[in-house]
Amino acid sequence: MKGRTTRIPKILPVVVGKIFLRWIFTKADLLFFIYRVFWYAFNTRSSMNSSVDFFESLIDEDGRFAELNCQEPSQRGQRRRTNNTVQRVRPLNQAENINNGGGLSLSPPHTISQRETGTQVSQCYSGPPSPCGSTSSTPSPTISPAPPPGTATLDPNWQATKPTVRERNAAMFNNQLMADITFVVGGLGHTQVIPAHKYVLATGSSVFYAMFYGGLAECKQEIEVPDVEPSAFLTLLKYLYCDEIQLEADTVLSTLYVAKKYIVPHLARACVNYLETSLTAKNACLLLSQSRLFEEPELMQRCWEVIDAQAEMALTSEGFVDIDVSTLESVLARETLNCKEINLFEAALAWAHGECLRREIDVTPSNKRAMLGSAIYLIRFPTMTLEEFANSAAQLGILTPQETIDIFLHFTASSKPILSYPVKARAGLKAQICHRFQSCAYRSNQWRYRGRCDSIQFCVDKRIFVVGFGLYGSSNGAADYNVKIELKRLGRVLAEHNTKFFSDGSSNTFHVYFENPIQIEPECFYTASAILDGSELSYFGQEGLSEVYMGTVTFQFHCSSESTNGTGVQGGQIPELIYYGPTVNTTMANTNTNED
């Protein structure tokens, strides 16, 4: 049938068209994906620096493909806005890690976690604190870095992975997501931009509440905080967001400042506790200056206890030259300082030398005198020995010629001139003695010495400073003894001293002293040891007490494994511990000084 054409039914195109359209509709997701691939391939964005960024953006824009067709248009638009916000946060992931502070590492750092009213306190002990975050050339210890800020919310469904309010709140710490306020923290040239959320800050600080929701609320979206260090501000936010306190030696003072500034008392209390536990003679004067500034009376009292007992070490510390003049005057006026007056004079000269350097003026005797001002009249020159005054103060040009002559006349003349300087010696600290035996004996089982060690373990419930030991002497007439005394903690020798004492043959105890008082922390066990060489027969203690209450301090005694000569809790040597400790009289005597 040549020339005959095949006629297609009219309904066939309609059927084919319906089939094609149905296939198109069922494959919409795939076609939309292909469209996006080609669109992004030919329209690259500046933020796409890698294939990972490309597919992250693709997934974010599409709403995770399968969910796209199940969402309303408004929901898809909201997802796009949220994901765009997340992408803008990504550069902030390189923000400084606040857990890696460069501290003054004098001892191996360790972390202590404690639960206190639901708050985790993490303290990295790395030595005495420095003032307000001063830098140190000592490298900081290696610490496992925390995840960069903002990464906890990169997952579009991050809320589902945080089962508690605390975890969800913590995910917003230092996170741009939903942030409605920005802080520019730090001094000129050392600023850091920190995002935050008004609601969280206002619920943790009355200052922030007044700032954002009070009658004079801030309308700015960016607030400058030039007087606070970024690391300290982040520590504050870490506490407000995460209920965690992370303190380090080099930033604890600046953290205390920011806690006081924004009235966050629990954080301030944690800072004070940290400072008290790290308090030593080397940083006591500097911490005293800071505690006066921050109006922390308890910390001030702890500082005074250390300075009184270990005055020579405190006055020669590096931090002493950095204290303010008001604190200097308080130290020079202190009645209970346990040191020679010549040591105070030398410390005052060192402070004046540092003050001249700070003011960039020549370090001359006249300028030193000018820097000391009225504080020089608190130094008790007449209580020095004649040799000390003649070889030091009289030749340095600090005193005027007339003052020098008058003080010499005070030393030598029967008719003494009136001086501008105090003539009464400082009272110092009165040593206290803890007796651990109720009686002593010598008739039977007399104590013998053949180079063996007498040791006893002890602990106290308050900080004290051990000065020396009381020991029994010969029961067979007068005798001389050579003795080596030691004080240890966890096997480490804190102090030792080789000395002598003379025993008159009586049952009295004879006192031997360390060169400097040793600080004893509460609730820690220490080992007191003595090795005597002399008369083999001596008195020994008996009816020993395992606990002795001394009015303000309680001692507990335990047997020591280092004791090889028979000394224990019930009997033996080392009947007395000589110490400086808190007393009611001492506290009352210095009340006026502490209030200055």
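In what follows, two residues are in contact when their heavy atoms lie within 4.5 Å. With that settled, good morning, and let me introduce this structure, which is a predicted model.

I begin with Ile181, a residue in strand 3, which spans residues 181–185. Is Ile181 buried or exposed? Its relative accessibility is 2%, and because buried means under 20%, Ile181 counts as buried. Leaving aside residues up to four places away in sequence, Ile181 touches Ile194, Pro195, Ala196, His197 and Lys198, and also Phe212, Lys220, Gln221, Glu222 and Ile223. Take Phe212 from that list: Ile181 and Phe212 are 31 residues apart in sequence, while their C-alpha atoms are 9.5 Å apart in space.

Shortly before this strand comes Met178, in the loop between helix 5 (165–170) and strand 3. Met178 is not a glycine, yet its phi is positive, near 65 degrees. Most residues other than glycine have a negative phi. Met178 is also exposed, with a relative accessible area of 56%.

Two further positive values bring us to the region around helix 9. Asp243 occupies the loop between helix 8 and strand 6. Its phi is about 60 degrees, again positive in a residue that is not a glycine. Asp243 has a relative accessible area of 25%, so it is classed as partly exposed. The other value belongs to Ile263, just after helix 9, with a positive phi of about 55 degrees.

Helix 9 itself covers residues 252–261, and seven of its ten residues are buried, so it is mostly covered. Which residues of helix 9 are buried? They are Val252, Leu253, Ser254, Thr255, Leu256, Val258 and Ala259. Against what do these buried residues pack? Their partners are helix 8 (230–242), strand 6 (244–248), helix 10 (265–277) and helix 11 (284–294).

I turn next to strand 9, residues 454–460, where six of the seven residues are buried. Strand 9 has pairings with two other strands that I wish to show. To strand 14 (residues 526–533) it is joined by five bridges, and the two run antiparallel. Within that pairing, Ser455 has Ser529 of strand 14 as its bridge partner. To strand 17 (residues 554–558) strand 9 is joined by four bridges, and this pair is antiparallel as well. Here the bridge partner of Val460 is Phe555, in strand 17. As a general point, side chains in a regular strand alternate between the two faces of the sheet.

From covered elements I move to the surface. Ile11, Leu12, Val14, Val15, Val16 and Ile19 together make a nonpolar surface patch of about 530 Å². Val15, one of these residues, lies in helix 1 (residues 12–26). Its relative accessible area is 39%, which means that Val15 is partly exposed. In general, an α-helix has 3.6 residues a turn, so residues three or four places apart point the same way.

Finally, a word on cysteines. How many disulfides are there? A disulfide requires two cysteine sulfur atoms within 2.5 Å, and by this rule the count is zero. Two cysteines illustrate contrasting surroundings: Cys219 counts as exposed because its relative accessibility is 73%, whereas Cys242 counts as buried because its relative accessibility is 4%.

That concludes my presentation. Thank you for your attention.

Methods:
Residues numbered from 1 in each chain as written. Predicted model: local features only at pLDDT ≥ 70, side-chain atom pairs only at ≥ 80, totals over all residues. Heavy atoms only, no water. Buried < 20%, exposed > 50% of the residue type's maximum accessible area, 1.4 Å probe, protein only. Patch = residues over 30% accessible without salt bridge, like charges linked within 9 Å, V, L, I, M, F, W, Y side chains within 5 Å. Areas by Shrake-Rupley, 256 points an atom, 1.4 Å probe, with all protein chains shown as cover. Salt bridge = Lys/Arg side-chain N within 4 Å of Asp/Glu carboxyl O. Pairing = 2+ DSSP bridges.
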